[in-house]
Amino acid sequence: MRDLRTATASKLKLLVVLSDLLLLLVFTFTAATAQRQLGFRCNYTSTSRCKALVGYICPKDTTLSNITNLFGIEGGLHSLLVENSLPLNTTPDQLVAAKQTIRIPFNCSCSNGTGISDKHPIYKVTPSDGLANIAENIFSFLVFFQQIATVNKIADPNKIEVGQELWIPLPCSCDPVDGVQVVHYGQVLQFNNSLEMIAQEFGTTTETLLKLNGLDNVPRGQTVIDVPLGLPGRWTNFFNQLPDGEC
């Protein structure tokens with residue numbers, strides 16, 4: 001009888017452990033799914049478009065010309081130079097070292113509470129490409145491959161064709177923050193930095209970043225964080241460059 005009770009107790013403990021593991025898997029899956037949702041939150045109703053920025057961490061040595069072409073930057077090299085405070089006489093073949101961050105300007109479009117880049121950039125698939133490779137090694141985790149598949153209506157992410165043109169949905173927003181109009185900047189949270197470090201670098205607080213990104217806890221690794229940039233100095237000029245009818 002004692003052996004039976006011991007066996008029953010062991011089975012109950014095993015069931016509890018399995019239940020905890022199941023809950024952990026559900027939580028992990030839910031968190032991963034949330035991280036792969038399209039874009040940033042954007043409920044701005046005055047207009048559906050604005051200017052936004054992302055920080056592109058170069059995966060390898062490249063040039064300003066290659067970056068301009070990869071992102072199809074409106075205004076070309078000039079816009080890239082202005083946004084990165086580089087001399088306007090900098091040549092297109094200027095070397096950009098691996099792991100250097102370059103600010104990429106682009107048009108943001110908001111719809112149904114979500115902000116993503118307005119049909120750009122467009123990437124043409126090469127023979128060695130897969131969606132994961134494009135997301136991680138070409139665009140440096142600014143997007144997940146699931147997001148690329150979603151906006152391009154790709155049912156099977158493993159089936160893409162050489163020469164196929166893919167819209168890369170960069171995250172963005174046009175929303176004011178605490179009643180103040182800002183430029184939203186997408187910053188990849190890497191394994192070697194933290195939300196606190198990003199907050200300090202951009203003159204904001206961890207609490208502001210958590211609230212803006214709809215997070216309860218500080219995320220870790222390869223997540224794009226929405227960082228609000230204020231409008232003193234050149235940020236005001238950034239908005240003033242927009243045509244009439246855009247925010």
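Modeller: Buried means a relative accessible area under 20%, exposed means over 50%, and partly exposed is what lies in between (1.4 Å probe, protein chains only). We'll be looking at a predicted model, where local features need pLDDT of at least 70, side-chain atom pairs count only at pLDDT 80 or more, and totals for chains, interfaces and linings use all residues. Residues are numbered from 1 along each chain as its sequence is written, and side-chain values use heavy atoms, leaving out hydrogens and water.

Colleague: Okay, why is Pro228 called buried?

Modeller: Pro228 has a relative accessible area of 10%, and the cut-off is under 20%, so Pro228 counts as buried.

Colleague: Where is Pro228, and what does it touch?

Modeller: Pro228 is part of strand E10, residues 223-229. Strands (E, at least two residues) and helices (H or I, at least four) are DSSP runs, numbered from the N terminus. Leaving aside residues up to four places away in sequence, Pro228 has contacts (heavy atoms within 4.5 Å) with Val177, Val182, Val183, Thr208, Leu209 and Leu212. Here's one more pair to find on screen: Val180 is 48 residues from Pro228 in sequence, yet their C-alpha atoms are 9.8 Å apart.

Colleague: What makes you say that E10 is largely enclosed?

Modeller: Seven of its seven residues are buried, so the rest of the structure largely encloses E10. Check the two faces: Thr223, Ile225, Val227 and Leu229 are on one side, Val224, Asp226 and Pro228 are on the other, and all of them are buried.

Colleague: Which strand is E10 joined to, and how do you know that they pair?

Modeller: Strands pair if DSSP finds at least two bridges between them, and E9 and E10 are joined by seven, running antiparallel. Gln187 faces Ile225 in E10, and Tyr185 faces Val227.

Colleague: What makes E2 a partner of E9 as well?

Modeller: E2 (residues 49-57) has two bridges to E9, in the parallel sense. The requirement is at least two, so two bridges do count as pairing. Val54 has Gly186 of E9 as its bridge partner.

Colleague: How do you know that E9 is mostly covered?

Modeller: E9 spans residues 183-189, and seven of its seven residues are buried. One side has Val183, Tyr185, Gln187 and Leu189, and the other has His184, Gly186 and Val188.

Colleague: On to the helices. Why are H2 and H3 described as they are, parallel or perpendicular?

Modeller: The axes of H2 (residues 64-71) and H3 (residues 76-83) come within 10 Å and cross at roughly 110 degrees. Axes are lines fitted to C-alpha atoms, for helices over the stretch in contact, with angles from 0 to 180 degrees between N-to-C directions. Under 35 degrees is roughly parallel, over 145 roughly antiparallel, 65 to 115 roughly perpendicular, and the rest oblique. H2 and H3 are therefore roughly perpendicular.

Colleague: Which residues make that contact?

Modeller: H2 brings Leu64, Ile67 and Thr68, while H3 brings Gly76, Leu77, Leu80 and Leu81. By class, that's five nonpolar, two polar and no charged residues. (Ala, Val, Leu, Ile, Met, Phe, Trp, Tyr, Cys and Pro count as nonpolar, Asp, Glu, Lys and Arg as charged, and the others, Gly among them, as polar.)

Colleague: What makes H3 count as mostly covered?

Modeller: Six of its eight residues are buried, namely Gly76, Leu77, Ser79, Leu80, Leu81 and Glu83.

Colleague: And why is Phe141 called partly exposed?

Modeller: Its relative accessibility is 21%, so Phe141 falls in the partly exposed class. Phe141 sits in the loop between H4 (131-138) and H5 (145-151), with a positive phi of about 70 degrees, although it is not a glycine.

Colleague: What makes Lys119 and Pro121 worth a look?

Modeller: Most residues other than glycine have a negative phi, and most peptide bonds are trans. Lys119 has a phi near 65 degrees, a positive value, and the His120 to Pro121 bond is cis, with omega near -5 degrees. Lys119 lies in the loop between E6 and E7, and Pro121 is in the loop between E6 (114-117) and E7 (122-124).

Colleague: How many helices and strands are there in the chain?

Modeller: Eight helices and ten strands, and 43% of the 247 residues count as buried.
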